[in-house]
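Thank you all for coming; I would like to go through one chain this morning, beginning with its overall form and moving on to its charged side chains. Please have a look at it first.

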Amino acid sequence: MDNIVDLSRFQFAMTAMYHFIFVPLTLGLVWILAIMESLYVMTNKQVYKDMTKFWGKLFGINFAIGVTTGLTMEFQFGTNWAYYSHYVGDIFGAPLAIEGMMAFFLESTFVGLFFFGWDRLSKIQHLGATWLVAFGSNLSALWILIANGWMQNPIGAEFNYETMRMEMSSFTDLIFNPVAQVKFVHTVSSGYTAAAMFVLAISSYYLLKGRDIAFAKRSFAIAAAFGLAGITSTIILGDESGYELGDVQKVKLAAIEAEWETAPAPASFTLIGIPNQKEQKNDYAIHIPYALGIIATRSLDKQVIGLKDLAAKHEVRVRNGMIAYGLLQKLRGGDKSPENIAAFDKVKKDLGYGLLLTPYAPNVVDATEANIQQAVEDSIPQVAPLYFSFRIMVGCGVLMLFIFLFAFYTSARHRIGKNKLFLRIALYSLPLPWIAIETGWFIAEYGRQPWAVGEILPTHVGVSSLSSGQVLTSIIAIGAFYTVLLCIEMFLMFRFARLGPSSMKTGRYHFEQLENKQG
């Protein structure tokens, strides 16, 4: 069973992280296209139309591959996570259906108008289509992240012992879940940053090669301003995300900071160290006094609870979960007396912790002390992967902040292209946002373990009844398919980026002529 769970988790992680290679660029690049086309409509300069068309071609390649990789993820809910789908279907159905009917159809419909409507629509009509693509793509992200936010912080729903599933009690709570809202704004702002770095890096490449200068300078300037706004928002909203972690996901916060003990407030921030899970301490740690307490609690007197104390609280909840499981068995067996229902209602919030015992005890209510300690140990994720991933993410974010600050400075001083060293730095910094985004998603999802839905459904309970061979076969098939798609994406992106805008005919002029006329 453990092997099936691990393989199913690996498969979903692989498809999700593959898919999210493409999503951030779609989220951000479409807004840059809207800005460029707006400049074209306002100034009537052909170069801005050509910029919109050229970057739009790269957007289209990425959009098509992103949609294809996203479809596979949705099928996995039914194939690999059958009980999970049953358990959360009443909650997940609403936001995902709205995303499909409202956001995806809006986005995909107007994408067609964007590419094929240049000669069929007026300037204003085409600009409107472009802006609607931008709104549609971000609206799509909103509903998906509302669903994901509920997995992190399951509010607005109640467990129904008769159907053995969660059922929605408040659609408003689902939408305005604070974790979902923070995740949405943080995710889309990171997408804006990725798109800005993409445009900045390729524009720097053209400037280094001394080609398409007018095009590259204008693209560089837009990317610098948009990227500075994007990375600033990402950092600020990352701080807000840390505050929400301190409020509703205390285990994840303590794990990414390797906070083993509950230190006196305000807790210090471990800048660097080596988490030692076996001995529950950090080796070679360097601390910044007060920093963690201020970031996580925004106060000087609130504590950040350490993993040891959290584990002790989890032990109490595991024991209560055993009681809840026993009462649930009685309810399912037909004892629906008011006393039994009242007793279950008192402890049902801890039922998920009781389910942590299922890999170790055939009958949860008969679990031994050793079984309980194993469940408690499982309730704390592995610290080192989260700890180092968080620091990689933050490090990439800080580097991008300095890059965009300098890019904006050179743009404001009309010195774009003068500093060749910076252009090389900008070019080679292209992977930074993707490294930050992938590590960020790893933190979000791995840090939730052992829960598929926070503190109510353990991951191992949600898995389908499959054989290891079946899951492994699908991993190989999906991995091969996604690798082909990634190779196609990289080939097309590199090909069109290398050809550059000068390979496109625009009206009566080539870009070389436009540079002489408008540059």
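**Overall form**

For 519 residues, a compact globule would be expected to have a radius of gyration near 24 Å, and the chain, at 26 Å, agrees with that; the radius here is taken over C-alpha atoms, and the globule rule is 2.2 Å times the number of residues to the power 0.38. Before I go further, please keep in mind that this is a predicted model, in which local features need pLDDT of at least 70 and side-chain atom pairs count only at pLDDT 80 or more, while totals for chains, interfaces and linings use all residues. Residues are numbered from 1 along each chain as its sequence is written, and side-chain values use heavy atoms, with hydrogens and water left out.

Taken along the principal axes, the C-alpha atoms fill a box of roughly 85 × 50 × 40 Å. The chain has 18 helices and six strands, these being DSSP runs numbered from the N terminus, with H or I over at least four residues for a helix and E over at least two for a strand. Of the 519 residues, 52% are buried, where buried means under 20% relative accessible area, exposed means over 50%, and partly exposed lies in between, with a 1.4 Å probe and protein chains only.

**Salt bridges**

How many salt bridges does a search of the whole structure find? The search gives 13, counting a side-chain nitrogen of Lys or Arg within 4 Å of a carboxyl oxygen of Asp or Glu.

One of them joins Arg-211 to Asp-212, at 3.4 Å from N to O, and Asp-212 is buried, with a relative accessible area of 3%. Another pairs Glu-455 with Arg-317, whose closest N and O atoms are 3.4 Å apart. Because Glu-455 sits in the loop between β5 (451-453) and β6 (457-458) whereas Arg-317 belongs to helix α10 (residues 307-332), this pair ties together parts that are 138 residues apart in sequence. Glu-455 itself counts as partly exposed, at 32% relative accessibility.

A third salt bridge links Lys-348 and Asp-345, with the closest N and O atoms 3.6 Å apart. Both ends are partly exposed: Lys-348 has a relative accessibility of 26%, and Asp-345 has 42%. Through salt bridges that share partners, Glu-158, Asp-345 and Lys-348 are joined into one network.
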